[in-house]
Structures are given as C-alpha cells and as structure tokens.
Amino acid sequence: MPEIKQTLKNFGLTENEAEVYLLLLKLGNAPASEISQKTNIHRINIYDILERLQKRGLVSFVITGKRKQYEAINPKKILEIEEERKKEIESIIPELIK
C-alpha cells in the first residue's frame, strides 16, 4: 500500500487526502465521523479534505436521512483527469515555444 499512496501523492494528493481516498475505496461509503475515526484525522480536517477531493472529482456524496455519506469515485477517473491535464499542457506548448 505504501507505493499506492506515494503514487497518489505524485498525482498531487496530500498524505491525508490519499489516506481518505484509499479508505473510501475500501469502505464503499462512510460519513465524515467514521472517516475521522478510522484515519485518526480530526473531523474538522476531514471536511476540508473531502471538499478538496470533491473539487478534484475524486469523491462524491449522497444524503441518507440527514447524513452525508461520502464515497470515492472509480479509480479509473484518475486516468481521465490526468489525460485532461495532458491535453491542457499540450494546448499551451506552441505558445510556450514562441
């Protein structure tokens, strides 16, 4: 698992973001309180981490009753995100060369 976490960090995730993402892949879905408990990351920080992961498109949530249940998106989405980044960079290469 250390090399998986390191690869996620190379992708741009922080240590805690990678840990939360991997936990959600394992659990399927969970409320922030459970994520906090299982990762030993303070719940306030968990909400910040989940928000950043949502902005990256790696985590989504569903509301069950009055509670949000967070879930990791399919890991294949990481490849799609990386492919989009590559296209963006390729699009500016001609301008950079000038």
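Reader: Which residues are linked with Lys5 in a network of salt bridges?

Author: The general idea is that side chains of opposite charge can pair when their charged atoms come close. In this structure, which is a predicted model, Lys5, Lys9, Glu15 and Glu19 are linked in a network of salt bridges. One of the pairs is Glu15 with Lys9, whose closest N and O atoms are 2.9 Å apart.

Reader: Are Glu15 and Lys9 buried, partly exposed or exposed, and what are their relative accessibilities?

Author: Glu15 has a relative accessibility of 36% and therefore counts as partly exposed, and Lys9, at 31%, also counts as partly exposed.

Reader: How many salt bridges does the structure hold, and how many positive and negative side chains does the protein have?

Author: The structure holds nine salt bridges. The protein has 17 positive and 15 negative side chains, and the centres of these two sets lie 6 Å apart.

Reader: How should I read a salt bridge inside a helix, and where do Glu82 and Arg85 lie?

Author: An α-helix has 3.6 residues a turn, so residues three or four places apart point the same way. Glu82 and Arg85 both lie in helix H5, which takes in residues 76–97, and they are three residues apart, about one turn of the helix. These two residues form a salt bridge in which the closest N and O atoms are 3.0 Å apart. Glu82 is partly exposed, with a relative accessible area of 36%, and Arg85 is partly exposed as well, with a relative accessible area of 32%.

Reader: What is the distance between the closest N and O atoms of Glu95 and Lys98, and are both residues buried or exposed?

Author: Glu95 forms a salt bridge with Lys98 in which the closest N and O atoms are 3.8 Å apart, a value that still falls inside the 4 Å cut-off for a salt bridge. Both Glu95 and Lys98 are exposed.

Reader: I would like to place these pairs in the fold; how many helices and strands does the protein have, and what pattern do they follow along the sequence?

Author: The protein has five helices and two strands, and read along the sequence they follow the pattern α-α-α-α-β-β-α. Along its principal axes, the C-alpha trace spans about 55 × 30 × 25 Å. Among contacts between residues at least 6 apart in sequence, 49% join residues at least 24 apart.

Reader: What share of the residues is buried, and how much area does the protein expose?

Author: Of the 98 residues in the protein, 31% are buried. The protein exposes about 6800 Å², and carbon and sulfur atoms supply 53% of that area.

Reader: How do I read the burial of one helix, and which residues of helix H3 are buried?

Author: It helps to list the buried residues and then to ask how they are placed around the axis. In helix H3, which takes in residues 32–39, the buried residues are Ala32, Ile35, Ser36 and Thr39. They cover an arc of only 100° around the axis, and therefore they lie on the same side of H3. What covers these buried residues includes helix H2 (15–27), helix H4 (43–55) and strand S2 (67–72).

Reader: What are Ser36 and Thr39 in contact with, leaving aside neighbours within four places in sequence?

Author: Ser36 counts as buried because its relative accessibility is 14%, where the cut-off is under 20%. With those neighbours left aside, Ser36 is in contact with Ile41, His42, Arg43 and Ile46. Thr39 is also buried, with a relative accessible area of 8%, and on that basis of counting its contacts are Glu19, Val20, Leu23 and Ile46. Glu19 also belongs to the salt-bridge network with Lys5, Lys9 and Glu15.

Reader: What phi does Asn40 take just after H3?

Author: Asn40 takes a positive phi of about 60° there.

Reader: Where is Gly57 found, and which residues does Gly57 touch, not counting residues up to four places away in sequence?

Author: Gly57 is found in the loop between H4 and strand S1 (59–64), and at 25% relative accessibility Gly57 counts as partly exposed. Not counting residues up to four places away in sequence, Gly57 touches Ile73 and Lys77. Gly57 and Lys76 are 19 residues apart in sequence and 12 Å apart in space, C-alpha to C-alpha.

Definitions and conventions:
Residues numbered from 1 in each chain as written. Predicted model: local features only at pLDDT ≥ 70, side-chain atom pairs only at ≥ 80, totals over all residues. Heavy atoms only, no water. Helix = DSSP H or I, 4+ residues; strand = E, 2+ residues; numbered from the N terminus. Buried < 20%, exposed > 50% of the residue type's maximum accessible area, 1.4 Å probe, protein only. Contact = heavy atoms within 4.5 Å. Areas by Shrake-Rupley, 256 points an atom, 1.4 Å probe, with all protein chains shown as cover. Lys, Arg positive; Asp, Glu negative; His and termini not counted. Charge placed at Lys NZ, Arg CZ, Asp CG, Glu CD. Salt bridge = Lys/Arg side-chain N within 4 Å of Asp/Glu carboxyl O. Arc of directions from axis to C-beta.
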